[in-house]
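Here are a few exercises to work through with the model open beside you. Take each task on your own before reading the solution.

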Amino acid sequence: MTLYLTAMLAIIRREALRFIHQRSRFLAALVRPLVWLVVFAAGFRAALGLSIIPPYQTYITYEVYIVPGLCGMIQLFNGMQSSLSLVYDQEMGSMRLLLTSPLPRWWLLFSKLLAGVAVSILQVYVFLAIAAGFGIVLPLAGYALVLPALLVSGLMLGALGLLISSTIRQLENFAGVMNFVIFPMFFLSTALYPLWKMAESSTLLRDICAWNPFTHAVELIRFALYAELNGWSLLWVCLSFALFFAMALVGYDPSYGMTRRRKGG
Amino acid sequence: MTALEIKDLGYSYGAKRALDGVSFALRPGKFTALLGPNGAGKSTLFALLTRLFVSREGRISVAGHDLAREPRAALSKIGVVFQQPTLDLDMSVMRNMRYFAALHGISGRDADARSERALAQLGMAERAGEKVRDLNGGHRRRMEIARALIHEPEVLLLDEPTVGLDFKSRQAIVEHVHGLAERGLTVFWATHLVDEIRDYDDVVVLHRGRVLAHRAAAKLREGRPLAEVFIEMTGGEDVR
């Protein structure tokens, strides 16, 4: 077992070090949600009225509403970016190195996933700290209880990224993933508007949102930030994780060939 | 028991046959060159040997372990140097070494001692603290070779390890790796450059997915330049 942990810790340490060396990536990951919070939310504040819905006990401003969604957004981008770096950077080489380790492949990929999640959690906490600086302060217990929620949602989104990296080659660049994965997932979720608001315009939209695993990641984070558990969302996120990770494992199974479709010679 | 044995190995990319009925066994403690023009199937063979691909045709065994049935035992006996560099440029040589050691479950002082030993074997001991980004191409490659030795494999696989290096760096690496074979390691070195092969090395000539010959370089060339023999065998495709 120590063998397994040694490898896992090394993979996480490496990801953390890489992250520290890439300060621009860290900055970009922070600027994105902050722009949404400061610019977008401020503009929308007047246009959008929100009634009291759980987990909120009082009327809230729009900025307060979208904070959990932006936490999810950080993790969504992180999950996609770390998987794409696998495909397009020299990271593919490091993946090969990883996969020639004598440890089981699912463990190595899970470790890799966890390493990415650790980085995304760090980003979320810095974001929450800055948001607090803008006056969006959450219950103290929420800051602690959101940690397990972030872990689960991060794993789910990371597994989705891993799945994409192992199967889809048509998405030739990040713009492709933005258009076909990140934007639909983000906009068709409860990150920006609650479900009932969606239902006002279209029940179909509402249904899509209700099925979207990202919605449940956001709701899980939202409830956790107010020290509440959204069991249904937790279940949904866990099931999505299991499905995505299982499919990613198939994609990285050498019998099917992870690089087979990509490169001959 | 040989370090690496391949029997009737075949592989296809869709309709394209990449490897066909490939069989050979490496002599232990020997430098064996896998010589073939580009597109001969060398990289495919390496992907199969390192289990990045799996084939349903044929068998690969490493130090007596069947790669399909006992993949982890087999992989632990292989050291690999890929054609494309797999380095963390912003980390020190030692950190890169430690990371790889950990992937094999080796940590702490043991990892450090093994790393130092492996670096020393490649003449890289004094560079342990340097950032990989500051190393030249030849030294980076040597670090990768040293890294592949940390877990003390029985066979070292190198896929065209001198690609893109200048003449001097190439020579140094060829020299070092021959030294490893002399000390008892089984080396399998893919290349299309005949000047990396010495007379006492074994050569496996691979062409269009098939093994054309497997014998000592001296016997293969029979007094003629190896390049000439190689061109004759492969029809002159891409050889220097």
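A residue is buried if 20 or more other C-beta atoms lie within 10 Å of its own. Keep that cut-off at hand, and remember that this is a predicted model.

**Exercise 1. Describe the make-up of chain A: how many helices and strands does it have, and what percentage of its residues count as buried?**

Solution.
- Start with the elements: chain A has 11 helices and 0 strands. Read from the N terminus, the chain is therefore written as α-α-α-α-α-α-α-α-α-α-α.
- Next, apply the cut-off: 45% of the 265 residues of chain A count as buried.
- Then look at the contacts in chain A between residues at least 6 apart in sequence: 78% of them join residues at least 24 apart.

**Exercise 2. Find how H1(A) and H5(A) pack: at what angle, and with what handedness?**

Solution.
- Locate the two helices of chain A: H1 covers residues 2-21 and H5 covers residues 105-133.
- Their axes are 9 Å apart, and the angle between them is about 40°. The crossing of H1(A) and H5(A) is right-handed.
- Now pick out the contact residues. On H1(A) they include Tyr4(A), Ile11(A) and Phe19(A), and on H5(A) they include Trp107(A), Leu114(A) and Val119(A).
- Sorted by class, the residues of this contact are 13 nonpolar, 2 polar and 2 charged.

**Exercise 3. Work out which helix gives the largest share of the side of chain A that touches chain B.**

Solution.
- Count both sides: 26 residues of chain A are in contact with 28 residues of chain B.
- On the chain A side, H1 and H4 (91-99) each supply at least two residues.
- The largest share comes from H1(A), with 8 residues.
- By class, this side of chain A has 10 nonpolar, 12 polar and 4 charged residues.

**Exercise 4. Explain where the largest nonpolar core lies with respect to the two domains of chain B.**

Solution.
- The largest nonpolar core has 148 residues, and those with the most contacts inside it are Ile66(A), Met156(A), Ala159(A), Ile221(A) and Leu157(B).
- Domain 1 (1-77 + 155-240) and domain 2 (85-152) of chain B both contribute residues to this core, so it lies between them.
- Take Ile221(A) as a sample: beyond its neighbours within four places in sequence, its contacts include Pro68(A), Val146(A) and Leu150(A).
- Turning to the domains of chain B, the C-alpha centres of domain 1 and domain 2 are 24 Å apart. Their contact takes 11 residues from domain 1 and 12 residues from domain 2.
- On the domain 1 side, helix H6 (residues 167-182) of chain B gives the largest share, 6 residues.

**Exercise 5. Decide whether H1(B) is largely enclosed or open, and then place Val80(B).**

Solution.
- Helix H1 of chain B spans residues 42-49, and 8 of its 8 residues are buried, so H1(B) is largely enclosed by the rest of the structure.
- Following H1(B) comes Arg51(B), with a positive phi near 65°.
- Val80(B) belongs to strand S6 (residues 78-81) of chain B. With 23 other C-beta atoms within 10 Å, Val80(B) is buried.
- Not counting residues up to four places away in sequence, Val80(B) touches Thr100(A), Thr50(B), Ala148(B) and Leu157(B). Leu157(B) also appears among the residues with the most contacts inside the largest nonpolar core.

Terms used
Residues are numbered from 1 along each chain as its sequence is written. Chains are lettered from A and ligands numbered from 1 in the order in which they are written. This is a predicted model: local features need pLDDT of at least 70, side-chain atom pairs count only at pLDDT 80 or more; totals for chains, interfaces and linings use all residues. Axes are lines fitted to C-alpha atoms, for helices over the stretch in contact, and angles run from 0 to 180 degrees between N-to-C directions. Helices (H or I, at least four residues) and strands (E, at least two) are DSSP runs, numbered from the N terminus. A crossing is left-handed if the near helix is turned anticlockwise from the far one by less than a right angle, and right-handed if clockwise. Two residues are in contact if their C-beta atoms, placed from the backbone, lie within 7 Å. Ala, Val, Leu, Ile, Met, Phe, Trp, Tyr, Cys and Pro count as nonpolar, Asp, Glu, Lys and Arg as charged, and the others, Gly among them, as polar. A nonpolar core is a set of buried Ala, Val, Leu, Ile, Met, Phe, Trp, Tyr and Cys residues joined through C-beta atoms within 7 Å. A residue is buried if 20 or more other C-beta atoms lie within 10 Å of its own, exposed if 12 or fewer, and partly exposed in between; C-beta atoms are placed from the backbone. Domain bounds come from an automatic or database domain assignment.
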